[in-house]
Amino acid sequence: MKLITGDLSPYSAKIRMQIYAMGITDIEFGLPAEFMTGKFSKISPIGRIPVMEVGDTIIPESEIIAEYLDDIYPEKSMVGDTPMERAKVRIVSRIADIYLMNNIFMSLSQLMTKTPNQGILDLLLGQVKRGMGALEQHIGTGDFAVGDKLTRADCTLVPALWMCQNTVPRLGTENPILATTKVAAYWGEIQKNEFADKIIEEMKRGMKARLDGTEAKMRAEALEKEKSSQP
Ligand SMILES: N[C@@H](CCC(=O)N[C@@H](CS)C(=O)NCC(=O)O)C(=O)O
């Protein structure tokens with residue numbers, strides 16, 4: 001199996017954290033040139049990472065990949081032990097994916113425009129704050145997001161909260177974690193977890209590559225290679 005993944009991609013980081021925590025060691029990681037040249041929909045019609053390649057089949061969407069890993073390694077499954085625990089894990093994971101990460105991601109597009117649209121930012125970051133409020137109600141009070149052990153809820157939340165902390169202030173809005181109590185306590189604690197720490201370091205590496213121009217250079221090289229290979 002091969003995971004198409006990027007260091008800074010929070011949806012990819014979520015799957016990497018699950019793979020590390022489940023102790024799966026035979027999945028290859030990579031990012032094809034097509035992702036950098038804007039042609040990734042040739043590989044996966046949705047055009048986004050992560051994607052899991054299993055033989056000739058591709059599985060897009062982080063939540064589907066997460067479920068697939070749990071299904072093929074049921075003895076290591078990270079979705080919880082009882083129907084109620086599984087429901088709670090899925091709720092937290094869904095809040096992180098849909099209400100936090102998706103809105104943050106869309107708002108980041110405004111950083112790439114010369115004149116950011118404040119209306120768009122207000123709408124999307126308002127939704128992030130609302131999602132954070134919901135998370136504050138649903139998250140547990142122990143060291144983990146749900147129950148007393150690491151689950152997929154943590155794998156989704158760690159990259160989502162890292163994105164909240166490290167990108168939302170760049171959009172002119174206070175880090176929404178600061179307005180919470182339970183989420184803030186959880187965030188302080190979960191960063192000590194070895195698998196959380198590992199993906200946070202990878203995301204930092206991705207952020208550095210974005211900011212210092214390494215990523216742009218790789219994209220330019222990939223585009224150049226594509227151009228020179230055309231007849
Ligand atoms: N719902 C998707 C979202 C994936 C997503 O948005 N990935 C970003 C990187 S974190 C991406 O590939 N963006 C490229 C694009 O939008 O063209 C999932 O859960 O996997």
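## A guided tour of the predicted chain

The chain contains nine helices and four strands; helices (H or I, at least four residues) and strands (E, at least two) are DSSP runs, numbered from the N terminus. This is a predicted model, in which local features need pLDDT of at least 70, side-chain atom pairs count only at pLDDT 80 or more, and totals for chains, interfaces and linings use all residues. Residues are numbered from 1 along each chain as its sequence is written.

**The whole chain.** Display the C-alpha trace, which spans about 60 × 45 × 30 Å along its principal axes. Its radius of gyration is 18 Å, which agrees with the value near 17 Å for a compact globule of 231 residues (taken over C-alpha atoms; the globule rule is 2.2 Å times the number of residues to the power 0.38). Following the sequence, one meets the pattern β-α-β-α-β-β-α-α-α-α-α-α-α.

**The sheet.** Select the four strands next. They form an open sheet in the order 2-1-3-4, with mixed pairing; two strands pair if DSSP finds at least two bridges between them. Strand 2 (28-30) and strand 4 (57-60) each have a single partner strand, so one side of each is left without a neighbour in the sheet. Now select residues 2-4 and 51-54: these are strand 1 and strand 3, which run antiparallel and are joined by three bridges. Within this pair, Ile4 stands opposite Val51 of strand 3.

**The ligand.** Which residues surround the ligand? Select Ser9, Pro10, Tyr11, Gly47, Arg48, Ile49, Pro50, Glu61, Ser62, Glu63, Asp97 and Phe105; a residue is near a molecule if its C-beta atom, placed from the backbone, lies within 6 Å of it. Helix 1 (10-22), helix 3 (62-72) and helix 4 (83-108) each supply at least two residues of this shell. By class, the shell holds five nonpolar, three polar and four charged residues (Ala, Val, Leu, Ile, Met, Phe, Trp, Tyr, Cys and Pro count as nonpolar, Asp, Glu, Lys and Arg as charged, and the others, Gly among them, as polar).

**The two domains.** Colour domain 1 (2-76) and domain 2 (83-192) separately; these bounds come from an automatic or database domain assignment. Their C-alpha centres lie 21 Å apart. The contact takes nine residues from domain 1 and 11 residues from domain 2, two residues being in contact if their C-beta atoms, placed from the backbone, lie within 7 Å. On the side of domain 1 that touches domain 2, helix 1 and helix 3 are the elements that give two or more residues. Helix 1 gives the most to that side, with seven residues.
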